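Colleague: I should like to learn how features of a model such as this one are read, taking them in turn. Could we begin with the way the elements are named?

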Amino acid sequence: MSNNYQIDLLGLKCPLPVLRANKKLKEFSNKTVIDILVDDPAAPEDFKIFCKTKKYTLISVKKNLKHTIITIKI
């Protein structure tokens, strides 16, 4: 069973969201589902490439008025 965690990367601009997430994700075990909060417009595309490179599963990208929630499974 997986737990759901959240990483707040609001206020960071490319490439910092992916770099910070990469460092933070090393603390989690496989099959963990993580919500990543970003407000950089480039971040969703960056995380698609990041997940493909790292072989993580990109579950969803949900945008609202203030930020985007990118949900991945490592």
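Modeller: Helices and strands are DSSP runs, of at least four residues for a helix and at least two for a strand, and they are numbered from the N terminus. In this model, which is predicted, the run of residues 16-25 is helix α1, and Arg 20 has its place there.

Colleague: To which surface feature does Arg 20 belong, and which residues form it together with Arg 20?

Modeller: Arg 20 belongs to a positive surface patch, which Lys 23, Lys 26 and Lys 54 form with it. A residue needs over 30% relative accessible area to be part of a patch, and Arg 20, at 45% relative accessibility, counts as partly exposed.

Colleague: Turning from the surface to the interior, how should a nonpolar core be read, and how many residues does the largest one have here?

Modeller: The general idea is that in soluble globular proteins nonpolar side chains tend to be buried together. In this structure the largest nonpolar core has 17 residues, and those with the most contacts inside it are Leu 9, Leu 25, Ile 34, Ile 36, Phe 47 and Ile 72. At least two residues of this core are supplied by each of α1, β2 (33-38), α2 (43-54) and β4 (68-73), and the largest share, 4 residues, comes from α2.

Colleague: How many salt bridges does a search of the whole structure find, and how is a pair recognised?

Modeller: The search finds 2 salt bridges, the criterion being a side-chain nitrogen of Lys or Arg within 4 Å of a carboxyl oxygen of Asp or Glu. One of them joins Glu 27 to Lys 24, with the closest N and O atoms 3.3 Å apart; Glu 27 is exposed, with a relative accessible area of 57%, whereas Lys 24, at 34% relative accessibility, counts as partly exposed.

Colleague: And where do Glu 45 and Lys 48 lie?

Modeller: Both lie in helix α2, 3 residues apart, which is about one turn of the helix, and they form a salt bridge whose closest N and O atoms are 3.9 Å apart. Glu 45 is partly exposed, with a relative accessible area of 47%, and Lys 48 is partly exposed as well, with 42%.

Colleague: Is Thr 68, by contrast, buried or exposed?

Modeller: Buried means under 20% relative accessible area, so Thr 68, at 9% relative accessibility, counts as buried. Thr 68 has its place in strand β4, and although Thr 68 and Glu 45 are 23 residues apart along the chain, their C-alpha atoms are separated by 12 Å.

Colleague: Let us finish with the backbone. Which residues does a cis peptide bond join, and what is omega there?

Modeller: The cis peptide bond joins Cys 14 and Pro 15, and omega is about 10 degrees. Pro 15 has its place in the loop between β1 (4-8) and α1.

Colleague: Which loop holds Lys 31, and what is the phi of that residue?

Modeller: Lys 31 is found in the loop between α1 and β2, and its phi is positive, about 70 degrees, although Lys 31 is not a glycine. At 58% relative accessibility, Lys 31 counts as exposed. Lys 55 also has a positive phi, near 65 degrees, in a residue other than glycine; Lys 55 has its place in the loop between α2 and β3 (57-63), and is exposed, with a relative accessible area of 73%.

Methods
Residues numbered from 1 in each chain as written. Predicted model: local features only at pLDDT ≥ 70, side-chain atom pairs only at ≥ 80, totals over all residues. Heavy atoms only, no water. Patch = residues over 30% accessible without salt bridge, like charges linked within 9 Å, V, L, I, M, F, W, Y side chains within 5 Å. Areas by Shrake-Rupley, 256 points an atom, 1.4 Å probe, with all protein chains shown as cover. Lys, Arg positive; Asp, Glu negative; His and termini not counted. Charge placed at Lys NZ, Arg CZ, Asp CG, Glu CD. Buried < 20%, exposed > 50% of the residue type's maximum accessible area, 1.4 Å probe, protein only. Core = buried A, V, L, I, M, F, W, Y, C linked by side-chain atoms within 4.5 Å.
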